[in-house]
Amino acid sequence: VSPLTEAVARRALLHFLASRRCYRSRTAADLSIGRLRQLGTYRYRLETFSESRFSEWAFEPFTKPGAARPPGDAPLDPWDMEVGAPSPFQGQRRRCRVPRSALVRDCHRCHGHGRSKCGVCHGAGRARCVTCQGSRRRQQQQARCQLCSGSGRTRCNTCSGRGSKTCVTCQGEKKLQHFQRLVITWKNNVSEFVSEHHLDFPGELLSKVSGENIFRDENVVVYPIVDFPDPAISLASQRAITQHSAALASSSRILRQRQTIELIPITEVECQYSGQPHLCYIYGLENRVYAPGCPQRCCCCCPLL
């Protein structure tokens, strides 16, 4: 990685101040850059692109006679179906019908009648009058209710007085076609490890920046890295590969793996503002700035002010 120059460090610091609304017109003149200490750390990442499958029962109104599977035909095994996978390392979920799995049965809600009892009038076809509330008389005038002719009940508007309505489950078809639906999930399982850098620097910030890619290995199955200059990276590679294999062995199959090592540049910057010394860090290829003690929102106690 190319060393950070004083001009680049100055631009990064001024941009940092402007983004936090700390910028002053005299900042550029009062900010002086001292020693630049080039540092760095390694980030190891293992990506395992996996596929998992399971089937679930679903149903729909039976409207296509002859679509059910003939007796004796067994449905396909979920793993025997050929389904094209998306681009590697891209998560996705897809549902599709399992061939030869359809079974036709009477609707379990209406028991094959195509209609179900109205829940408002409970099958009577007539409901309580909304004007007299079933009392047969208007409460204020004590006269016979004209809407229900003094009966206290009127025709049910929900079922139009029939006492039943079209079954919402089979939509009046009386039968349901049950079938197996295959649910396929493609997932990119990621494990990351950042080597220790022994700096006054929060390690979680490094996950938000990119580094220089110095190693890349992609195959159906990758093997642990050995003899890397930083032994912690070799150990992280062995652990990650073992953990992914153990976690996915019982429920999924591994389609492809990729492991990379990045060198994340970190530059320790000694600077002065208005004669006061400060220590900052510029990290990542994006040249982000971390100033120890600087609050999340700008205030008068910012160490660079």
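**Strand pairing, core and helices of the predicted model**

Strand S3, which covers residues 103-106, pairs with S8 in the antiparallel sense over 4 bridges, and within this pairing Val 104 stands opposite Gln 177 of S8. The model described here is a predicted one, and the values reported below were computed from it. Strand S8 also takes part in other pairings. Strand S2 (residues 92-97) runs antiparallel to S8 over 6 bridges, with Gln 92 placed opposite Trp 186 in S8. Strand S1 (residues 31-61) and strand S8 (residues 175-194) are likewise paired in the antiparallel sense, here over 19 bridges. In this pairing Glu 60 has Gln 177 of S8 as its bridge partner, and Gln 177 is also the residue that Val 104 stands opposite.

The chain as a whole contains 3 helices and 12 strands. Of its 305 residues, 37% are buried, and its accessible surface comes to about 18,200 Å², with 47% of that area belonging to carbon and sulfur atoms. When contacts in the chain between residues at least 6 apart in sequence are considered, 78% of them join residues at least 24 apart.

The largest nonpolar core holds 16 residues, and those touching the most other members are Leu 13, Leu 31, Ile 33, Val 269, Cys 271, Ile 282 and Val 289. Two or more residues are given to this core by each of H1, S1, strand S10 (252-273) and strand S11 (276-283), and H1 gives the most, with 6 residues. As a general background to such a grouping, nonpolar side chains in soluble globular proteins tend to be buried together.

Leu 13 offers a view of this core from the side of helix H1, which spans residues 6-19 and in which Leu 13 is placed. With a relative accessibility of 2%, Leu 13 counts as buried because this value lies under the 20% cut-off. Apart from residues up to four places away in sequence, Leu 13 touches Leu 31, Ile 33, Val 269, Cys 271, Cys 280 and Val 289. The contact with Val 289 joins positions 276 residues apart along the chain, and the C-alpha atoms of Leu 13 and Val 289 are separated by 6.7 Å. A second view is given by Val 269, which, leaving aside its neighbours within four places in sequence, is in contact with Leu 13, Ile 33, Arg 35, Leu 36, His 278, Leu 279, Cys 280 and Ile 282.

Helix H1 has 14 residues, which should span 20 Å at 1.5 Å a residue, and the distance of 20 Å between its end C-alpha atoms agrees with this. Besides Leu 13, the buried residues of H1 are Ala 9, Ala 12, Leu 14, Phe 16 and Leu 17.

Helix H3 (residues 231-248) has 18 residues and reaches 26 Å from its first C-alpha to its last, close to the 26 Å expected at 1.5 Å a residue. Its buried residues are Ile 233, Ser 234, Ala 236, Ser 237, Ala 240, Ile 241, His 244 and Leu 248. Seen down the axis of H3, these buried residues fall within an arc of 160°, and they therefore line one face of the helix. Such an arrangement can be read against the general geometry of an α-helix, which has 3.6 residues a turn, so that residues three or four places apart point the same way. The exposed residues Pro 231, Arg 239, Thr 242 and Ala 246 are found on the other side of H3, whereas the buried residues of H3 pack against S1, S8 and S10.

Strand S10 also holds Thr 260, which is buried because its relative accessible area of 6% is under 20%. Not counting residues up to four places away in sequence, Thr 260 touches Arg 43, Tyr 44, Arg 45, Asn 213, Phe 215 and Arg 216.

Two loop residues are set apart by their backbone angles. Phe 89, in the loop between S1 and S2, has a phi near 65°, which is a positive value in a residue other than glycine. Lys 174, in the loop between strand S7 (164-166) and S8, has a positive phi of about 75° although it is not a glycine. As to accessibility, Phe 89 counts as buried at 9%, while Lys 174 counts as partly exposed at 43%.

Notes
Residues numbered from 1 in each chain as written. Predicted model: local features only at pLDDT ≥ 70, side-chain atom pairs only at ≥ 80, totals over all residues. Heavy atoms only, no water. Buried < 20%, exposed > 50% of the residue type's maximum accessible area, 1.4 Å probe, protein only. Contact = heavy atoms within 4.5 Å. Areas by Shrake-Rupley, 256 points an atom, 1.4 Å probe, with all protein chains shown as cover. Pairing = 2+ DSSP bridges. Core = buried A, V, L, I, M, F, W, Y, C linked by side-chain atoms within 4.5 Å. Expected span 1.5 Å × (residues − 1). Arc of directions from axis to C-beta.
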